[in-house]
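Me: I am new to this structure and would be grateful for a close look at a single part of it. Please describe that part in connected prose and then set it in its surroundings.

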Amino acid sequence: MSNRFDEVAENSRAPIQGDRTSAAEDSRIPVNNGSPTPVNIGEIARLAGVSRSTVSYALSGKRPISERTRLRIQQVIDEHGFQPNASARALAHGRTQTIGVVFPPAGRRYTDMQLDFLSAVIDAAAVHDHDVLLSRSGEGWDEAFDRLVGQRRVDGAILMEIRVQDSRVDRLLGSGFPFVTMGRTADPDALSWVDMDWTELTARCVRHLAELGHRRLALVNRPRKLFAVGYEAAHRAVDGFRTAVAELGLTGEIHHCGDDAASGEAVVQELLDHDPLTTGLVVLNEAALVGLYRGLDRAGLSVPGDVSVTGVVGARWAETVTPMMTGFDNSSDVMGRLAVDLLLERLAGSSTARPRQHLLTPELTVRASTGPAQTRS
């Protein structure tokens with residue numbers, strides 16, 4: 001069999017929780033009993049018979065105060081239902097209790113998979129009493145990125161849509177600002193990150209199809225625009241696909257596909273035009289999955305009777321299509337939790353602490369979308 005790797009053209013700061021503002025030390029502290037009357041640190045100090053700085057130290061723990069004084073201040077706070085204002089807490093602790101997520105969408109909107117990840121980050125942060133601020137900042141150090149990081153609106157950040165060569169990472173490495181990445185650059189050892197092993201998982205998809213007798217395969221990758229700017233997952237997937245196809249003596253084509261169902265339909269027509277005898281698809285674009293199935297149906301091809309479909313997608317997407325898709329589950333909730341945990345570790349530890357990484361290689365979940373290859377003329 002020949003080894004063919006034709007690349008086919010592609011078809012086709014808003015706060016999430018608790019945006020913060022700066023405040024002076026005597027920032028107001030809202031009453032937590034429905035009363036419209038605000039009370040500030042000075043008022044707590046007056047009621048407790050201590051200085052304003054003593055109240056600040058009691059709230060922040062920055063300097064020791066006597067247990068008797070601390071209890072007196074706490075009694076005033078409890079009796080009056082005071083709840084420290086977030087800006088005052090930030091000033092007292094030197095922290096905003098907010099983490100940033102720098103997540104430029106690939107298109108005009110976030111895909112459902114991307115929103116799933118954001119939801120997982122928010123849930124994981126909330127467990128640790130942190131809010132999340134979303135920045136749609138794109139590649140490079142633009143104004144939105146500077147506001148988020150340069151002005152210290154957040155304590156640390158999770159960088160998404162990592163490029164193999166990423167200027168955001170290069171800039172932050174020299175700034176001392178705490179961050180973790182969702183994905184790996186070409187030189188990942190100096191970073192804390194969470195990632196899927198896209199190279200290995202894509203190769204395993206190829207091997208799974210080969211074991212079923214499939215010899216002519218196609219990779220349905222992320223959009224060409226992302227690939228062109230060095231999107232890490234898309235590049236590593238191509239590496240895994242090419243290597244496995246070559247090792248097994250198969251025929252393989254690479255197609256880039258937009259993050260929507262219409263692009264999924266269109267890419268089916270393109271890949272069949274290039275190789276009508278394709279019998280196996282490796283999918284790295286779950287947003288296009290429904291469209292892929294629809295396109296195969298319109299072409300008169302059944303899954304898995306005529307074409308087997310596998311890949312790396314979120315479990316709920318794999319189980320939405322009929323027949324349900326065999327694949328490696330991209331678990332956004334696990335990745336979101338791990339990313340938040342890594343970032344909070346960096347915030348709590350020394351700036352010289354050794355970076356930690358999580359490379360995920362989930363097991364193949366066999367469903368109904370793959371089966372023995374059938375000869376097709």
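**A close look at Asp259 and its surroundings**

Reply: The side chains of Asp259 and Asn285 are joined by a polar contact of 2.9 Å. The model in which this contact appears is a predicted one. Asp259 is found in the loop that runs between β10 and α11, the latter spanning residues 261-274. Because its relative accessibility is 15%, and buried means under 20%, Asp259 counts as buried.

Asn285 is one partner of the Asp259 side chain; another is Arg222, whose side chain makes a polar contact of 2.9 Å with that of Asp259. Arg222 is also approached through its backbone: the side chain of His256 reaches the backbone oxygen of Arg222 at 3.1 Å. His256 belongs to strand β10, which covers residues 251-256. With a relative accessibility of 0%, His256 counts as buried.

Arg222 leads on to the largest cavity of the protein. The volume of this cavity is about 430 Å³. It is lined by 29 residues, and those closest to its centre are Arg222 together with Met113, Trp198, Tyr231 and Asn330. Two or more lining residues are given by each of α5 (112-127), α10 (232-248), β12 (308-313) and α14 (332-348). The largest share, 4 residues, comes from α10. By type, the lining divides into 16 nonpolar, 7 polar and 6 charged residues.

Elsewhere in the protein, strand β6 (residues 156-159) offers a further view of buried residues. Both of its faces are covered, with Gly156 and Ile158 buried on one side and Ala157 and Leu159 buried on the other. Strand β4, made of residues 98-102, pairs with β6 in the parallel sense over 4 bridges, and within this pairing Leu159 of β6 is the bridge partner of Val102. Strand β7 (residues 179-182) also runs parallel to β6, joined to it by 3 bridges. Here the bridge partner of Leu159 is Thr181 in β7.

As for the whole, the protein has 14 helices and 15 strands. It consists of 377 residues, of which 50% count as buried. Its accessible surface comes to about 16,900 Å², and 49% of that surface belongs to carbon and sulfur atoms.

To return to the part examined here, the side chain of Asp259 contacts those of Asn285 and Arg222, while Arg222 is in turn among the residues closest to the centre of the largest cavity.

Technical notes. Residues numbered from 1 in each chain as written. Predicted model: local features only at pLDDT ≥ 70, side-chain atom pairs only at ≥ 80, totals over all residues. Heavy atoms only, no water. 1 Å grid on protein atoms, 1.4 Å probe; cavity = no way out; pocket = protein on both sides within 12 Å on 5 of 7 lines; lining within 4 Å. Points joined across faces, edges and corners; volume = space filled by probe spheres on them. Nonpolar A, V, L, I, M, F, W, Y, C, P; charged D, E, K, R; others polar. Buried < 20%, exposed > 50% of the residue type's maximum accessible area, 1.4 Å probe, protein only. Polar contact = N/O pair within 3.5 Å; in protein donor to acceptor, adjacent residues only side chain to side chain. Areas by Shrake-Rupley, 256 points an atom, 1.4 Å probe, with all protein chains shown as cover. Pairing = 2+ DSSP bridges.
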